[in-house]
Amino acid sequence: MTMNLIYKSILDTILKNIDIGINVVDDTGKTIIYNQAMGDMEGLDVNEVMGKSILDIFPSLTPETSTLLTVLSTGKPIYDRYQVYLNNKGKQISTLNSTIPIMIAPGKRGALEMS
């Protein structure tokens, strides 16, 4: 088993079993990692969020009000930000988020949000 497969297996196990919501977006604001705990908080299925833009899934957010998009544009972390927003089904969500910039690959940034 290669190290990449080992790391993927470990990451998958963590994401499935941790009770903290995790959402990671790439440099375009599309979700590339989203765990079930976050889905439970936001009233969404993991499959309907993966690969989609934050602004499509959460139409009440803007580039200025989304903590993920703010961190993408500034490169600066946001800690313990209370946020209220609607999902694409009209459900109101209230979370306390910490959002940090991450390096996905050389020259490719993203943002990690934990709720």
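**Exercise 1. Charges.** In this predicted model, find how far apart the mean positions of the positive and negative charges of the protein chain are.

Solution. Step one is to count the charges: the protein chain has 10 positive and 12 negative ones. Step two is to take the mean position of each group; these two points lie 4 Å apart.

**Exercise 2. Elements.** State how many helices and strands the protein chain has, and in what order the elements run.

Solution. The count gives five helices and five strands. Reading from the N terminus, the order is α-β-β-α-α-α-α-β-β-β.

**Exercise 3. Compactness.** Decide how the radius of gyration of the protein chain relates to the globule rule.

Solution. For 115 residues the globule rule gives 13 Å. The radius of gyration of the protein chain is 14 Å, which is close to that value, so the chain is as compact as a globular protein of that length. Along the principal axes, the C-alpha atoms fill a box of roughly 45 × 30 × 25 Å.

**Exercise 4. Burial and surface.** Give the share of buried residues and describe the accessible surface of the protein chain.

Solution. Taking buried as under 20% relative accessible area, 37% of the 115 residues qualify. The accessible surface comes to about 6,600 Å², and carbon and sulfur atoms account for 59% of that area.

**Exercise 5. Confidence.** Find where confidence is lowest and where it is highest.

Solution. Start with the whole protein chain: its mean pLDDT is 94, and 99% of its residues reach 70 or more. Then go by element: helix H1 (residues 3-17) has the lowest mean, 90, while strand S1 (residues 22-25) has the highest, 97.

Notes
Residues numbered from 1 in each chain as written. Predicted model: local features only at pLDDT ≥ 70, side-chain atom pairs only at ≥ 80, totals over all residues. Heavy atoms only, no water. Helix = DSSP H or I, 4+ residues; strand = E, 2+ residues; numbered from the N terminus. Rg over C-alpha atoms; globule rule 2.2 N^0.38 Å. Buried < 20%, exposed > 50% of the residue type's maximum accessible area, 1.4 Å probe, protein only. Areas by Shrake-Rupley, 256 points an atom, 1.4 Å probe, with all protein chains shown as cover. Lys, Arg positive; Asp, Glu negative; His and termini not counted. Charge placed at Lys NZ, Arg CZ, Asp CG, Glu CD. pLDDT = per-residue confidence, 0-100.
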